[in-house]
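Colleague: I'm new to this one and would like a close look at a single part, the helix called alpha three. Could you walk me through it and set it in its surroundings?

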Amino acid sequence: MYDTLRNDVHFESKGFIPAVSITDFPIRDHKVILLLRRRKWVDIRTGKSFILPLKIAAEGTRYSKEFAAFLKETYGHIPGVNIGPNLAIDETSLSNGDLYTIVTNRDRHGREMCLVAIVAGTKSETVIAALRHIPEHLLDSVEEVTLDLSDSMRKIVRSCFRKASRVIDRFHIQKLACDAVQEMRIIKERTVGKKPLSAV
């Protein structure tokens, strides 16, 4: 696919997106961290940019027992094993505009064992069904969930983490405040622009 785009005059390479680090299968008992950078392309005809989808495994491959054990040790093999009293839930786009709902353990601060669940899509019914695979006593042990202002996220938290307090992410509050100030500034500029200038 890379060679096809490179040789097509309608597409142009525009550098790379920021690198991400991935914990890979250890080699000879040594920890392996991969730094992955993905090339960004632009369709000259439309001006739209995109990245190629990333295939994690080739067709026909299988996980070995050793690799399965590595995944269990790194990410947890029991649903909800990484759960804690303080969680965060948000949506993100990983590739090609596909949206995912991600639940993380805030106390892990983005380090190993922070991922509680990742669900394809953002529909509340889909996410709720996935999270209910986690034992009920673990869901009820959650004390606080940080989320955005969407009705879908509130429904998910209300349904799955019944005993948890809901805390709105401060970045969403800051964005709302900035948007409100910007709107007031625009209205003021329009109003002032309509007033006749005083004679000097």
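**Helix α3 and its surroundings**

Modeller: Let's start with the whole thing: the protein's secondary structure adds up to six helices and 10 strands. Keep in mind that this is a predicted model. Of the 200 residues in the protein, 22% are buried. The accessible surface is about 14,800 Å², and carbon and sulfur atoms own 56% of that. As for contacts with a separation of 6 or more, 44% of them link residues 24 or more positions apart.

Now to your helix. α3 covers residues 124-131, and its buried residues are Ser124, Val127, Ile128 and Leu131. If you look down the axis of α3, those buried residues fall within an arc of 100 degrees, so they line one face of the helix. What do they pack against? Two strands, β7 (98-105) and β8 (115-120), and two helices, α4 (136-139) and α5 (151-160).

β7 deserves a stop, and Asn105 is a handy residue to pick there, since that is the strand it sits in. Asn105 is buried, with a relative accessible area of 5%, which is under the 20% cut-off for that word. Leaving out neighbours within four places in sequence, Asn105 is in contact with Asn82, Ile83, Gly84, Asn86, Leu87, Cys114 and Val116.

Cys114 in that list brings us to the cysteines. Cys114 is itself buried, at a relative accessible area of 15%. Cys178, on the other hand, is exposed, at 51%. You won't find a disulfide here: the structure holds zero of them. In case the term is new, a disulfide is a covalent bond between the sulfur atoms of two cysteines.

For a bit of wider context, go to another part of the chain. There, three strands form an open sheet, ordered β1-β4-β5, with antiparallel pairing. β1 (11-16) and β5 (49-51) are the edge strands, each pairing on one side only. From one strand to the next, the twist averages 35 degrees. Between β1 and β4 (residues 39-43), which run antiparallel, there are four bridges. To find one spot along that pairing, look for Phe16, whose bridge partner in β4 is Arg39.

So, back to your helix: when you turn the model, look for Ser124, Val127, Ile128 and Leu131, the buried residues of α3, and then for β7, β8, α4 and α5, which they pack against.

Key
Residues are numbered from 1 along each chain as its sequence is written. This is a predicted model: local features need pLDDT of at least 70, side-chain atom pairs count only at pLDDT 80 or more; totals for chains, interfaces and linings use all residues. Side-chain values use heavy atoms; hydrogens and water are left out. Buried means under 20% relative accessible area, exposed over 50%, partly exposed in between (1.4 Å probe, protein chains only). The arc is that of the directions from the helix axis to the C-beta atoms. Contact means heavy atoms within 4.5 Å. Two strands pair if DSSP finds at least two bridges between them. Axes are lines fitted to C-alpha atoms, for helices over the stretch in contact, and angles run from 0 to 180 degrees between N-to-C directions. A disulfide is a pair of cysteine sulfur atoms within 2.5 Å. Accessible areas come from the Shrake-Rupley method with a 1.4 Å probe; for residues, only the protein chains shown count as cover.
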